[in-house]
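I open this notebook to keep track of what I look up, entry by entry. The coordinates and the sequence come before my notes.

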Amino acid sequence: PAWTVLSGAFEGPLRVLWITGDRTDGLPPPAGDPQRRLEAGEATIRYALTDRQGASALDTGRPFAGPGPEHLELALEEVLGGTTRHGGALLSPFGIRFIVAERGVLPSAAREAFDAQVDVDLVPATGFVIYRNSAAIPPAAILETEPPDPEIMGVGDPSTIAMWRPVPAVPLERVSEGWNGPRRAGTVFLSTEYDAQWEVQGASAGPEVAFGWATSFRAEGDLVRVRHEGRLPARIQLALLALLWLAALWGTRKPVPR
């Protein structure tokens, strides 16, 4: 109940980092099973990254492996290792608004590390240890960036990202083929692994790598429509494959007895 009330108080897309200790403890519903383990001595944890309903969501359609999870672990290593006090800023590119653990299962060293972060706030909750990331940004948004924000977003070094103070953001609307957004100048940011085939329709510039793994564009003040260039060829291939299957089935049909 505590998690239902808390998550319901925040509108729009968000992600949740569910953490537990290095024992056999699972994660509370709706998190499911831990996806990865992070070795950090006495602060070792196992964790999963989901949306608010518990769907695994670092990057839709991909396994929990690759540059995104690797950079997430670099950020967590900074937090759990005590080398930063700006863990919220480090976790913000992943769309993480909450860090959640069942009470009594989190190693004391890990809890002390999260308690030490100046931009991560402990939220009173029965049965859970819940931290709210005060530096969180939506998983897909137009960020109202100003110099030197784009320069900081263009690097993947945790010590540099920790100096970034997240800016006001306008969430993008998820649609079947990508995202839509209003007219706004700044930076279009997608918390999804960089893919050169993403494009903002009508924009003069293509995508850039953000924070060492994610995707960004320069917002030019026009209506934002983010689409994937590779989707049309893929649909054509699927349509042709379907036609071939239909032709094959037609050719092997049994004659109707007369």
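**Entry 1: the largest cavity**

I began with the lining of the largest cavity, and I noted that its largest share, three residues, comes from helix 2. I keep in mind throughout that this is a predicted model. Helix 2 and helix 6 (158-161) each supply at least two residues of this lining. I then listed the residues around the largest cavity and found His71, Leu74, Ala75, Leu90, Pro93, Phe94, Gly156, Pro158, Ile161, Phe211 and Trp213. Sorted by class, the lining of the largest cavity holds nine nonpolar residues and two polar ones, with no charged residue. I wrote down a volume of about 80 Å³ for the largest cavity, and my search of the structure gave one cavity of 30 Å³ or more.

**Entry 2: helix 2**

Since helix 2 had come up, I looked at the helix itself. I checked its length, because 14 residues at 1.5 Å a residue should span 20 Å, and the end C-alpha atoms of helix 2 are indeed 20 Å apart, which agrees. Which residues of helix 2 are buried? I found Gly68, Pro69, His71, Leu72, Glu73, Ala75, Leu76, Val79 and Leu80. These buried residues pack against strand 1 (15-20), strand 2, strand 3 (45-51), helix 3 (87-91), strand 4 (96-102) and helix 4 (108-115). After helix 2 comes glycine 82, and I noted that its phi is positive, near 75 degrees.

**Entry 3: salt bridges**

How many salt bridges does a search of the whole structure find? I recorded eight. One of them joins the side chains of glutamate 73 and arginine 36, with 3.0 Å from N to O. This pair links distant parts of the chain, as glutamate 73 lies in helix 2 (residues 67-80) and arginine 36 in strand 2 (residues 36-38), 37 residues apart. I asked whether each partner is buried or exposed: glutamate 73 has 12% relative accessibility and so counts as buried, while arginine 36, at 22%, counts as partly exposed.

Next I looked at arginine 227 and glutamate 177, whose side chains meet in a salt bridge at 3.8 Å, N to O. Here too the pair links distant parts of the chain, with arginine 227 in strand 15 (residues 224-228) and glutamate 177 in the loop between strand 9 (173-175) and strand 10 (178-181), 50 residues apart. Arginine 227 counts as buried because its relative accessibility is 13%, and glutamate 177 counts as partly exposed because its value is 32%.

I also noted a salt bridge between the side chains of arginine 218 and glutamate 220, at 3.2 Å from N to O. Arginine 218 is partly exposed, with a relative accessible area of 48%, and glutamate 220, at 35% relative accessibility, counts as partly exposed. Elsewhere in my search, Asp22, Arg37 and Glu39 are joined into one network by salt bridges that share partners.

**Entry 4: the second largest pocket**

I ended with the second largest pocket, for which I wrote down a volume of about 180 Å³. It is lined by 13 residues, of which Pro150, Thr187, Glu208, Ser216 and Phe217 are the closest to its centre. The elements giving two or more residues to this lining are helix 5 (149-153), strand 11 (185-190), strand 13 (208-210) and strand 14 (214-220). By class, I noted five nonpolar, six polar and two charged residues in the lining of the second largest pocket.

Note on methods:
Residues numbered from 1 in each chain as written. Predicted model: local features only at pLDDT ≥ 70, side-chain atom pairs only at ≥ 80, totals over all residues. Heavy atoms only, no water. Salt bridge = Lys/Arg side-chain N within 4 Å of Asp/Glu carboxyl O. Helix = DSSP H or I, 4+ residues; strand = E, 2+ residues; numbered from the N terminus. Buried < 20%, exposed > 50% of the residue type's maximum accessible area, 1.4 Å probe, protein only. Expected span 1.5 Å × (residues − 1). Contact = heavy atoms within 4.5 Å. 1 Å grid on protein atoms, 1.4 Å probe; cavity = no way out; pocket = protein on both sides within 12 Å on 5 of 7 lines; lining within 4 Å. Points joined across faces, edges and corners; volume = space filled by probe spheres on them. Nonpolar A, V, L, I, M, F, W, Y, C, P; charged D, E, K, R; others polar.
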